[in-house]
Amino acid sequence: MIPVIGLAVGIIAGLVLRPAVPAGLQPYLPIAIVAALDAVIGALRALGERRFDDRVFVVSFISNVVIAAFMVYLGDQLGVGSQLSTGVVVVLGIRIFSNAAAIRRRIFHA
Amino acid sequence: MPEHGARRGWRDLLRPKASQVVVAVLIGALAFAITIQVSGSDDDDYSGVRGDELVELLKSLDVANERLGTQIDDLTTTRNGLLSSTQRSERAEKQARKRADELSILAGTAGATGTGIEVVINDPDKQIDAPALLDAIEELRDAGAEAIAINGVARVVAQTYFLDDDGQIRVGGREIKRPYRIEAIGDSQDLAEAVRFRGGLIDRVDNRGGSATVTEKDKVTITALADVKSPEYARPTS
């Protein structure tokens, strides 16, 4: 219940405040969002399998975001920023899809 | 059971555990980030684009620019060509129209107006025949008459024939009655001279017992048209 309220508050805050993304954060935000989505989908899967743990979620969320941002930063420094961020997005996408598939199998048995 | 679950949910809401709050904050942060990212990507802002991508963009823009420049050049050339050809054909059309107008006066298919003379031949004794009238016309032509009509009905052109027919004269198939009134467009003085000179038309008419008068006019208008016959045998060469 509380997470849902957090979700609503976040969306409303984003819509109302409409802050400009700081220039320094701009390359990292999309990747960080994908990484966080991966953590959230993983959490939903764990919730469905009744082994959800707040601590695991918080740690995986933060570490996902930080590592993704760091990889993008590293890629930028190495001059392969776009390729590396593509790689990160692909890997996270695969994880999101596999987690979503697990959830789907549990709900629909298909 | 569901009631119990719902009550537990409400109790959670009133006394949340710290970890739940942290989860909520994280999800709220994610929602916030997604929202601003989605709404921020609406405007075409390149501040978030990496340097090498910008270079690529710039390069592709350069290439597109070059291609469009070439296209502009091509189209400008085509347009100029079309414009000049339009002007040329306009000029040609104007010239052709002018020539057609001139030729239509010559062929007698158009009316004509200009300075000229009017010759009236009174022939009470019916002594003026077709050859005599033709002679008069030839003299007018020699003097530079550009358009000639007799009695306002018979236009005299290259194909016009003169024929005696039962005491009357036919000009180009049209019967003309006495007195004969010849209108000619051209230099009025020259034409008048061509009629008046000694041994000319007036003298000859006098000799035959008739009388002829010449009037120089500033404006002679000929409305009679010749019957146009398309040539049956002659074909234009080239």
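How much area is buried between chain A and chain B, and what share of it do carbon and sulfur atoms give? I began my notes with this point, bearing in mind that the model is predicted. I found about 2,500 Å² buried between the two chains, with carbon and sulfur atoms giving 76% of that area.

**Entry 1: the interface**

I looked up the contacts and noted 33 residues of chain A touching 25 residues of chain B. I then asked which three residues supply the most of the area that chain A buries against chain B. They are Ile2(A), Ile33(A) and Asp54(A), which together supply 21% of that area.

I searched next for charged and polar pairs between the chains. The count of salt bridges between chain A and chain B is zero. For residue pairs in polar contact across this interface, both at pLDDT 80 or more, I likewise recorded zero.

I turned to the elements on the side of chain A that touches chain B. Those that give two or more residues are helix H1 (2–17), helix H2 (28–48), helix H3 (54–78) and helix H4 (81–108) of chain A. H1(A) gives the most, with 11 residues. Sorting the residues of this side by kind, I noted 23 nonpolar, seven polar and three charged.

**Entry 2: salt bridges**

Over all chains, I found 18 salt bridges in the whole structure. I examined one inside chain A: the side chains of Asp38(A) and Arg95(A) meet at 2.8 Å, N to O. What does this pair tie together? Asp38(A) lies in helix H2 of chain A and Arg95(A) in helix H4 of chain A, so the salt bridge links parts that are 57 residues apart in sequence.

**Entry 3: the sheet of chain B**

In chain B I located an open sheet of three strands, in the order S4-S5-S6, with antiparallel pairing. I recorded strand S4 (162–165) and strand S6 (174–176) of chain B as the edge strands, since each pairs on one side only. On average, neighbouring strands of this sheet are turned by 35° against each other, direction ignored.

I looked more closely at S4(B) and strand S5 (residues 168–171) of chain B, which pair in the antiparallel sense over four bridges. Which residue in S5(B) is the bridge partner of Asp164(B)? I found Ile169(B) in that place.

Lastly, I noted what packs on the sheet. Helix H4 (residues 130–142) of chain B does so, touching S4, S5 and S6 of chain B. The direction of this helix makes about 155° with that of S4(B).

Notes
Residues are numbered from 1 along each chain as its sequence is written. Chains are lettered from A and ligands numbered from 1 in the order in which they are written. This is a predicted model: local features need pLDDT of at least 70, side-chain atom pairs count only at pLDDT 80 or more; totals for chains, interfaces and linings use all residues. Side-chain values use heavy atoms; hydrogens and water are left out. Two strands pair if DSSP finds at least two bridges between them. Axes are lines fitted to C-alpha atoms, for helices over the stretch in contact, and angles run from 0 to 180 degrees between N-to-C directions. Contact means heavy atoms within 4.5 Å. Buried area is the accessible area (1.4 Å probe) that two parts lose on being put together, summed over both. A salt bridge is a side-chain nitrogen of Lys or Arg within 4 Å of a carboxyl oxygen of Asp or Glu. A polar contact is a pair of N or O atoms within 3.5 Å; within protein, one must be able to donate a hydrogen and the other to accept it, and residues adjacent in sequence count only if both atoms are side-chain atoms. Ala, Val, Leu, Ile, Met, Phe, Trp, Tyr, Cys and Pro count as nonpolar, Asp, Glu, Lys and Arg as charged, and the others, Gly among them, as polar.
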